[in-house]
Amino acid sequence: MTASIARHSRLSLARRLRLQQLAIFEKVVEAGSILAASRELAMTQPAVSKSIHELEQQLDGVLFVRSKRGVVLTEFGGLFQRHTKILMGELRYLAEDLNAWQAGTAGQVIVGSLIAASATLLPASIMRLRELVPDVVVTVRVGPNSTLFPALARGELDVVVGALPHTDPALLREDTERAHLQHVALYEEALRVVVGSQHPLARRRQLALSDLHQLEWIVPTQDSAAHASVRSFFEKEGLAMPRRLVESVSILTNLGLVSGGSMVALMPQSAAERFAKAGLLAILPLESLAPFSSVGYTVRADRAPSAATERFLAALRDVGKRRDMVPELQSCIPASYA
């Protein structure tokens, strides 16, 4: 007694079958005749008959029997149809997913975040994107320029949102050409001096920087884009950097330190204004520091963004133009601003 030999395998079927054959088979079943199917497919009747005949040869079985009214599935044809319906259904889902992805209504955007964008620009842009295309998945990764920009250049990120690395236009062009990155500025960011909402100084209408110099301060770290602006802020008043310092770029940490104690902090203006509106802190009546950086986004200059990423970039540009008109940001607590 000889063992039966399998005539079909996944790979053999993949080599022999063509998706067009399956579409023609499905249409013949649906139409009930070769002639009707050929009309709906805009094909000649002999071409449809040839496709079905080739399919039967590849499967080694008869799919249809002819009747006076057209064609009827054989038992073998019925078995094949059950699997074909699944395959063609998945093909339809694939077409829908591809169309949605390419239209930017689905897919994923991986965002690197730094500086004040995590307090205002980024949350508002994600919410704006959600209104337009709720099925796009946004993944946010937080880090400094030194890790985010190389990740962007390697294709691990789609966009980096936050303080641009240089404010000098010439340096921006040089950096762009060297790293194949494109920087797009949306607005300028400055720092404000803040205290907790219950701090004794919170209700003062007039203050001088010298009045605060002996207090404990929270300032950006020395490697942050804002540090040079901070040093200039004190030097302009003839003061050295405060002696009692906490260097931190974590707004969540800084907010906890300021709201629960007597410390004074320097915070990006956009974040400070949001938290002040929420009643979490108070902005002191001191002249704001000069802008320390442009806030915007960075993408690769050598590769076009995906449709989903382009939708997100449009949301960034829209929010950047009207960032003062987004009250829902009052409840957003960011992770960092460096």
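Helices here are DSSP runs of H or I that span at least four residues, numbered from the N terminus. With that convention in place, I shall present this predicted model, beginning with a pair inside one helix.

The side chains of K27 and E30 meet in a salt bridge, with 3.4 Å from N to O. Because K27 and E30 are three residues apart in helix α2, about one helical turn separates them. Are these two residues buried or exposed? K27 counts as buried, since its relative accessibility is 19% and the cut-off for buried is under 20%. E30, by contrast, is exposed, with a relative accessible area of 57%.

The count for the whole structure comes to 10 salt bridges. In general terms, side chains of opposite charge can pair when their charged atoms come close. A second example is E54 with R18, whose closest N and O atoms are 3.5 Å apart. E54 lies in helix α4, residues 45-59, and R18 in the loop between α1 and α2, so this pair ties together parts that are 36 residues apart in sequence. E54 is partly exposed at 23% relative accessibility, and R18 is also partly exposed, at 41%.

A third salt bridge joins the side chains of D318 and R128, at 3.2 Å from N to O. That pair links distant parts of the chain: D318 belongs to helix α12 and R128 to helix α6, residues 121-132, and they stand 190 residues apart. Both partners are partly exposed, D318 with a relative accessible area of 23% and R128 with 25%. To return briefly to K27 and E30, salt bridges with shared partners join these two and E40 into one network.

I turn now to the aromatic residues. How many aromatic pairs does the structure hold? There are four. In one of them, F25 and F64 are tilted, at 5.5 Å centre to centre with 45° between the planes. F25 sits in helix α2, residues 19-31, and F64 in strand β1, residues 64-67, so the pair ties together parts 39 residues apart in sequence. Both F25 and F64 are buried. F25 also pairs with F80, edge-to-face, at 5.0 Å centre to centre and 70° between the planes. Here helix α2 is linked to helix α5, across 55 residues of sequence. F80 is buried, as is F25. Together, F25, F64 and F80 form one aromatic cluster.

Helix α5, residues 75-103, also packs with helix α12, residues 307-321, at an angle of about 35°, their axes 5 Å apart. From α5 the contact involves W101, Q102 and A103, and from α12 it involves A307, A308 and R311. By class, four of the residues in this contact are nonpolar, one is polar and one is charged.

Lastly, the nonpolar cores. In soluble globular proteins, nonpolar side chains tend to be buried together. The largest nonpolar core in this model has 23 residues, and those with the most contacts inside it are V193, L212, W217, V230, F234 and L266. Strands β7, β8 and β10 and helix α9 each give two or more residues to this core. Which residues does V230 touch, leaving aside its neighbours within four places in sequence? V230 is in contact with L191, V219, P220, M241, L266 and L289. Apart from the largest core lies another, of 21 residues, including Y187, V299, A308 and A315. A308 has already appeared in the contact of α5 with α12.

Conventions: Residues numbered from 1 in each chain as written. Predicted model: local features only at pLDDT ≥ 70, side-chain atom pairs only at ≥ 80, totals over all residues. Heavy atoms only, no water. Core = buried A, V, L, I, M, F, W, Y, C linked by side-chain atoms within 4.5 Å. Buried < 20%, exposed > 50% of the residue type's maximum accessible area, 1.4 Å probe, protein only. Contact = heavy atoms within 4.5 Å. Axes fitted to C-alpha atoms, helices over the stretch in contact; angles between N-to-C directions. Nonpolar A, V, L, I, M, F, W, Y, C, P; charged D, E, K, R; others polar. Phe/Tyr/Trp six-rings, centres within 6.5 Å; stacked < 30°, edge-to-face > 60°. Salt bridge = Lys/Arg side-chain N within 4 Å of Asp/Glu carboxyl O.
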